[in-house]
Structure formats: structure tokens, C-alpha cells
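Got your viewer open and a cartoon on screen? Let's take a walk through this one, a stop at a time.

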Amino acid sequence: MADISQFVGFKLGSEKYAIDIMVIEEILRKTEITPVPKAPDFIEGIVNIRGRVIPVVDLKKKLNLGTVNNSQTSRIIIANINNKKIGFLVDEVEEVLRIEKNLIEDAPALAVNIDSNYINGVAKTDKGMIILLDITKVFSPYEQRQFNSI
């Protein structure tokens with residue numbers, strides 16, 4: 001039996017990414033996001049999900065890939081990062097991916113235009129290349145502390 005990991009696949013622009021399903025709590029349609037004064041540029045604001053205030057990050061902006069298009073396909077992926085719920089705004093959520101670990105390779109440093117510290121690897125699938133993000137490493141300790149003040 002193959003060693004398989006599960007990921008949630010999504011798009012930022014035309015590029016395909018995925019996050020380990022174990023850190024994801026839920027996926028929501030884009031809802032009204034309330035701006036937060038003096039928040040870092042990549043924080044879109046906050047949302048109220050069943051009485052909990054959750055900061056929402058534009059993942060494209062955080063990764064220096066532009067901004068998420070506000071469309072029917074936009075979604076907020078709620079993830080648990082170091083016991084803090086954070087929403088990630090993405091262009092489109094595609095599907096749950098089951099990827100055999102032997103199909104995951106280290107990301108070539110020049111092949112992607114985002115910080116390689118955030119990347120667990122690249123999966124070569126029948127649907128093309130998928131960049132596997134380590135969403136727990138996307139924020140510096142300083143940025144993580146900023147979330148606590150929101």
C-alpha cells in the first residue's frame with residue numbers, strides 16, 4: 001500500500017497549490033471582511049465565524065503574487081496555525097488531493113517565485129504540478145504575534 005498524504009488543492013491565479021488537510025478546519029465562501037486599522041498589508045481584515053473573530057489573509061498578497069480576485073470562486077480556507085485560527089483568501093478551491101509521497105519532490109529553488117522556506121515540495125500529478133505549501137511557515141514569529149492583537 002502506498003504512503004499517501006491528503007491536501008486541499010487551490011489556485012492563486014493560474015498556479016496550483018495545496019495545503020496539508022490536517023491543518024484545515026473548514027472552507028467558506030467569501031463573506032464580508034471587516035478591515036482592521038493599522039493591520040499588516042497582507043491582512044484583509046476579520047470575519048465573524050459562529051461568534052469567533054478570525055483574521056483573514058490575502059494569500060496572494062502575502063506570497064507577493066498580486067491580490068486575490070474578488071469573484072464567485074473566491075474562498076476562505078480556515079486553518080489552525082499554532083493554535084490560532086487564520087483565514088486564507090484564495091482565488092479558488094479545487095479539491096481534496098490524495099498524493100503518494102513518492103510523487104512529491106523538493107521544489108527547485110528557481111522553479112517557483114515564492115520563498116522556498118514556505119514550500120514542502122512539488123507534486124507531479126496527472127493534473128500538472130502542484131506546489132505544496134507549509135502554511136505554518138508562511139508567517140514569521142513577529143507576524144504570528146501580530147495576529148494575537150487582532
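Which residue in β5 is the bridge partner of Gly45? Select Gly45 and look across to Val56: that's the one. Before going further, keep in mind that you're looking at a predicted model.

**Stop 1: the β4–β5 hairpin**

Now colour the whole of β4 and β5. These two strands run antiparallel, and 6 bridges pair them. Zoom in on the turn, where 2 residues sit between the strands. Click Arg50 in this hairpin and check its backbone: phi is positive, near 50°.

**Stop 2: the rest of the sheet**

Zoom out and show the sheet that these strands belong to. You should find 5 strands in an open sheet, and the order to trace across it is β3-β6-β7-β5-β4, with mixed pairing. Select 24–29 (β3) and 43–49 (β4) to mark the edges; each of them has a single partner strand, so one side of each has no neighbour in the sheet. Turn the view to see the twist: ignoring direction, neighbouring strands are turned by 30° against each other on average.

Where does the parallel part come in? Select residues 52–58 (β5) and 84–90 (β7): these strands run parallel and are joined by 3 bridges. For a landmark here, pick Val57, whose bridge partner in β7 is Phe88. As you show side chains along the strands, a rule of thumb helps: in a regular strand they alternate between the two faces of the sheet.

**Stop 3: the helix across the sheet**

Select residues 141–148, which is helix α2. This helix lies across β4, β5 and β7, and α2 runs at about 105° to β7.

**Stop 4: the aromatic rings**

Next, show all the Phe, Tyr and Trp side chains. Searching the whole structure turns up 3 aromatic pairs. Start with Phe10 and Tyr17: the ring centres are 6.0 Å apart and the planes are at 20°, so this pair counts as stacked. Both Phe10 and Tyr17 are buried.

Then go to Phe42 and Phe139. Here the ring centres are 5.8 Å apart with the planes at 35°, so this pair is tilted. The pair links distant parts of the chain, as Phe42 is in the loop between β3 and β4 while Phe139 is in the loop between β11 (128–133) and α2, 97 residues apart.

Buried or exposed: which is Phe42? At 10% relative accessibility, Phe42 counts as buried. Phe139 is buried too, with 3% relative accessibility.

Add Phe88 to the selection, and you have a cluster: ring pairs link Phe42, Phe88 and Phe139. You've already met Phe88 as the partner of Val57. Now show Lys62, which lies over the face of Phe42, at 4.9 Å from the ring centre.

**Stop 5: two more positive phi values**

Stay with the loop between β3 and β4, and pick Lys38 there. Lys38 isn't a glycine, yet its phi is positive, about 65°. Switch on the surface and look for this residue: Lys38 is exposed, with a relative accessible area of 87%.

Last pick: Asn83, in the loop between β6 (75–81) and β7. Asn83 is another non-glycine with a positive phi, about 65°. With a relative accessible area of 76%, Asn83 is exposed.

How values were computed: Residues are numbered from 1 along each chain as its sequence is written. This is a predicted model: local features need pLDDT of at least 70, side-chain atom pairs count only at pLDDT 80 or more; totals for chains, interfaces and linings use all residues. Side-chain values use heavy atoms; hydrogens and water are left out. Two strands pair if DSSP finds at least two bridges between them. Helices (H or I, at least four residues) and strands (E, at least two) are DSSP runs, numbered from the N terminus. Axes are lines fitted to C-alpha atoms, for helices over the stretch in contact, and angles run from 0 to 180 degrees between N-to-C directions. Contact means heavy atoms within 4.5 Å. Rings of Phe, Tyr and Trp (its six-membered ring) pair if their centres lie within 6.5 Å; planes under 30 degrees apart count as stacked, over 60 as edge-to-face and the rest as tilted. Buried means under 20% relative accessible area, exposed over 50%, partly exposed in between (1.4 Å probe, protein chains only). A charge sits over a ring if NZ of Lys or CZ of Arg is within 6 Å of the ring centre and within 35 degrees of the ring normal.
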